[in-house]
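User: Hi, I'm new to this one and would like a short tour. Could you show it to me and then take my questions?

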Amino acid sequence: MTSPEPTPSPLAVANQRIRDTAKWFIGSAAAVGAALVAGSQLSDIGRLAAGWPTSAATARLWVAAAGVLLGLAGVVVAIASAVRVLLPVQVFISDLAENWEVPTADLRPVVAFFRRRTKYLQGAKDPAELIDRRERLTTQLADPERSPEARAEVRAGIASYDLRIAAIEEMANHEALKATFAHALRRLILATVVAGAGIVAFAWAANPPTPPTGADLRDAKLVGAQLRDADLTGAKLDGADLTGADLTGADLTGASVVGVTWSGTTCPDGTSSDAGGGTCRGHLRR
């Protein structure tokens, strides 16, 4: 008949919950990384203008590359931080005794916990005292002059101290795991911010605004039209009739004016097409 499994202690249950949370963080970070790679449309980078970042257009390629690196770096840091929580944690009472006065960075939170809550030291003022008490009993057990009854009493005392030490070490391991998780959580938050910034930067850089298309006024009859200060950027005016039209102050940057009829037309710079040889070419800038 199989004996029932022992019931885990409350601290063991708490430790497992911490590790389960860390596993959830790892899964979430991995999902973010997969989404970054699959959903970021890295092929969009190929459409960006290459060159030194001397303008917004050429800077987008650099920002996109930096965004991808930041996003992936954030994911890697998040996973690495969470994995540390899953690693075995073992703090012995001898470690506490050695670090009681000047603890290392890893044991500083654990030592601080026992200093604040001395009741968890099982009646001792510090870990070294508990170790010393047990060693004295061990020395007594080695005395050949002791009677069997006295030896049994000493063994019972040693067993009692072993239980106390085990309780201290279990609490120390729990506090060490909590400290590791708290440190990992801070790094996770920072990594999430970095990854988010990288994703936003890539999304901005890889999706430049669509350049506006000019108005299509090909073959339009614009005789006598009042087009003062009109925005005709990139407009298609091929074959349009601008006889007597007033284009003073109009913006024709990038406009196509093949076959336009210029007659008595006021050009964007205020001159007359008749004075310019029957055309506004060369006078399209206001």
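Analyst: Sure, and here's a term to start with: buried means under 20% relative accessible area, exposed means over 50%, and partly exposed is in between (1.4 Å probe, protein chains only). This is a predicted model, where local features need pLDDT of at least 70 and side-chain atom pairs count only at pLDDT 80 or more, while totals for chains, interfaces and linings use all residues. Residues are numbered from 1 along each chain as its sequence is written, and side-chain values use heavy atoms, with hydrogens and water left out.

User: Is I189 buried or exposed?

Analyst: I189 lies in helix α6. Its relative accessibility is 52%, and the cut-off for exposed is over 50%. So I189 counts as exposed.

User: Which residues form a nonpolar patch on the surface?

Analyst: A patch takes residues with over 30% relative accessible area and no salt bridge; like charges are joined within 9 Å, and nonpolar side chains (Val, Leu, Ile, Met, Phe, Trp, Tyr) within 5 Å. The nonpolar patch here has about 260 Å² of accessible area together, by the Shrake-Rupley method with a 1.4 Å probe, where for residues only the protein chains shown count as cover. Its members are L185, I189 and V193.

User: How many helices does the chain have?

Analyst: Helices (H or I, at least four residues) and strands (E, at least two) are DSSP runs, numbered from the N terminus. The elements run α-α-α-α-α-α from that end, and there are 0 strands. The number of helices is 6.

User: What does the UniProt annotation "transmembrane region" cover?

Analyst: That label comes from an unreviewed UniProt entry, and such annotations may be inferred rather than shown by experiment. In the model, residues 62-87 are 96% helix, with end C-alpha atoms 38 Å apart. Residues 188-206 are 100% helix, and there the end C-alpha atoms lie 26 Å apart. The annotation covers residues 24-42, 62-87 and 188-206.

User: Which cysteines form a disulfide?

Analyst: A search of the whole structure finds 1 disulfide, taken as a pair of cysteine sulfur atoms within 2.5 Å. Its sulfur atoms sit 1.9 Å apart, and with -90° about the S-S bond the link is left-handed. Both cysteines are buried. The pair is C267 and C280.

User: Why are R133 and E129 separated by about one helical turn?

Analyst: Their side chains meet in a salt bridge at 2.4 Å, N to O; the term calls for a side-chain nitrogen of Lys or Arg within 4 Å of a carboxyl oxygen of Asp or Glu. E129 counts as partly exposed because its relative accessibility is 21%. Both residues sit in helix α5 (residues 127-141), and the turn of separation follows because they are 4 residues apart.

User: Where is E101, the salt-bridge partner of R115?

Analyst: R115 and E101 meet at 3.8 Å, N to O. They are 14 residues apart, with R115 in helix α4 (residues 108-116). E101 is exposed because its relative accessible area is 64%, while R115, at 41%, counts as partly exposed. E101 lies in the loop between α3 (93-98) and α4.

User: Which residue does R218 meet in a salt bridge?

Analyst: The structure holds 7 salt bridges, and this one spans 2.7 Å, N to O. R218 counts as partly exposed at 46% relative accessibility, and its partner counts as partly exposed at 47%. That partner is D216.
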